[in-house]
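Trainee: I would like to learn how to read helix packing and burial from a structure. Can we work through one case?

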Amino acid sequence: MTQNLATNSATRAVPDDRKGRFATLTFERDVAAPLAVLWEAWTAPAARANWAAPSPSVTVEFLEADTRVGGREVSLCKVEGHPDIRCECGWLALQPALCSVNYEVISSEGVTQSVALVTADISGTHERSRLVVTVQLSSLAEDMEAGYREGFGAGLDNLAGAAERTMVLQRVIQAPRSVVWGAWMNSETLPQWWGPEGFSCRTKRIDLRTGGEWVFDMIAPDGTVFPNHHLYNEVRPEERIGYTLHWGENGPKHADAWASFEDQDGATKVTLGMVFSTAAEFQEAKGFGAVELGLQTLGKLERFVASR
């Protein structure tokens, strides 16, 4: 969230005049997306990677991403001609669709620039939501308040835009998480249930691991062929997968996607999320019934698991 600090951060000694080292900053955004969608956009690693860079001149490389209490997220913010900025975020509290608390440590060239406590409060409805972020900032190597105001402001603008083109589907499947994961991340079983009612899959290549891919055609009941290419950038066994969706083999990307798996009283809560590349693609997907078709796909997964 402070990625653009790379353009104005320089390592220097702690100043003698310590006035202004501490600041409390508040950021508010109204978002045209449901509460559950905003929560996923705020916390899911694949979504966070989508909106993290505050401007096109900034590249953010995620080294770690573990969104759970006690987990952390580590990223490098890169701007040509400037030292990398390292951001470490540690999750202290996560109350789904309600509140999150994390610490954030910013450093450059081995010197800590700032430490902050970040509290996010989320509220809303099935139509719109609101995010209020409070940052309690302690500047160390230099005054970081201006950089935080700029970085968080740009990041939250990006977040709001990403949330408004994000689709989230959820289903509780009456089976243990290991079983549901096994049906999903198995090259033989995944093609058997993937897709809406009446659709089938014709696989060309499949390698379900980090750095792997699935090149396949989805075939509609009327015989129409839809080429697909999934590129897997993260696989955390029985927890989460992250991948990108492309229109056919090596075609243009149309979404960043993820699937997460959570225990729920012996059952498994599956969340499937997609941040579409453009608002137009999101609206087009909604228009042809992507929500309903996606829920059908998760229903097929549940029936497949039940039949095993």
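Mentor: We take a pair of helices, then a covered helix, then a single strand residue. Keep in mind that this is a predicted model.

Trainee: What describes two packed helices?

Mentor: Two packed helices are described by the angle between their axes and the distance between those axes. Here, helix α4 (residues 177–184) packs against helix α7 (residues 290–307) at an angle of about 110 degrees, and their axes are 10 Å apart.

Trainee: How are α4 and α7 oriented to each other, and which hand does the crossing have?

Mentor: Angles of 65 to 115 degrees count as roughly perpendicular, and α4 and α7 therefore fall in that class. Their crossing is right-handed.

Trainee: Which residues meet between α4 and α7?

Mentor: From α4 come V179, V180, A183 and W184; from α7 come L298, L301, F304 and V305. By type, the residues of this contact are 8 nonpolar, no polar and no charged.

Trainee: Now burial. How many residues of helix α1 are buried?

Mentor: Buried means under 20% relative accessible area. Helix α1 (residues 35–43) is mostly covered, with 8 of its 9 residues buried. The buried ones are L35, V37, L38, W39, E40, A41, W42 and T43.

Trainee: Where is Q113 placed, and is Q113 buried or exposed?

Mentor: Q113 lies in strand β6 (residues 111–124). Its relative accessibility is 0%, so Q113 counts as buried.

Trainee: How far apart are Q113 and S138 in sequence and in space?

Mentor: They are 25 residues apart in sequence, and their C-alpha atoms are 8.9 Å apart in space.

Technical notes:
Residues are numbered from 1 along each chain as its sequence is written. This is a predicted model: local features need pLDDT of at least 70, side-chain atom pairs count only at pLDDT 80 or more; totals for chains, interfaces and linings use all residues. Side-chain values use heavy atoms; hydrogens and water are left out. Axes are lines fitted to C-alpha atoms, for helices over the stretch in contact, and angles run from 0 to 180 degrees between N-to-C directions. Helices (H or I, at least four residues) and strands (E, at least two) are DSSP runs, numbered from the N terminus. Angles under 35 degrees count as roughly parallel, over 145 as roughly antiparallel, 65 to 115 as roughly perpendicular and the rest as oblique. A crossing is left-handed if the near helix is turned anticlockwise from the far one by less than a right angle, and right-handed if clockwise. Contact means heavy atoms within 4.5 Å. Ala, Val, Leu, Ile, Met, Phe, Trp, Tyr, Cys and Pro count as nonpolar, Asp, Glu, Lys and Arg as charged, and the others, Gly among them, as polar. Buried means under 20% relative accessible area, exposed over 50%, partly exposed in between (1.4 Å probe, protein chains only).
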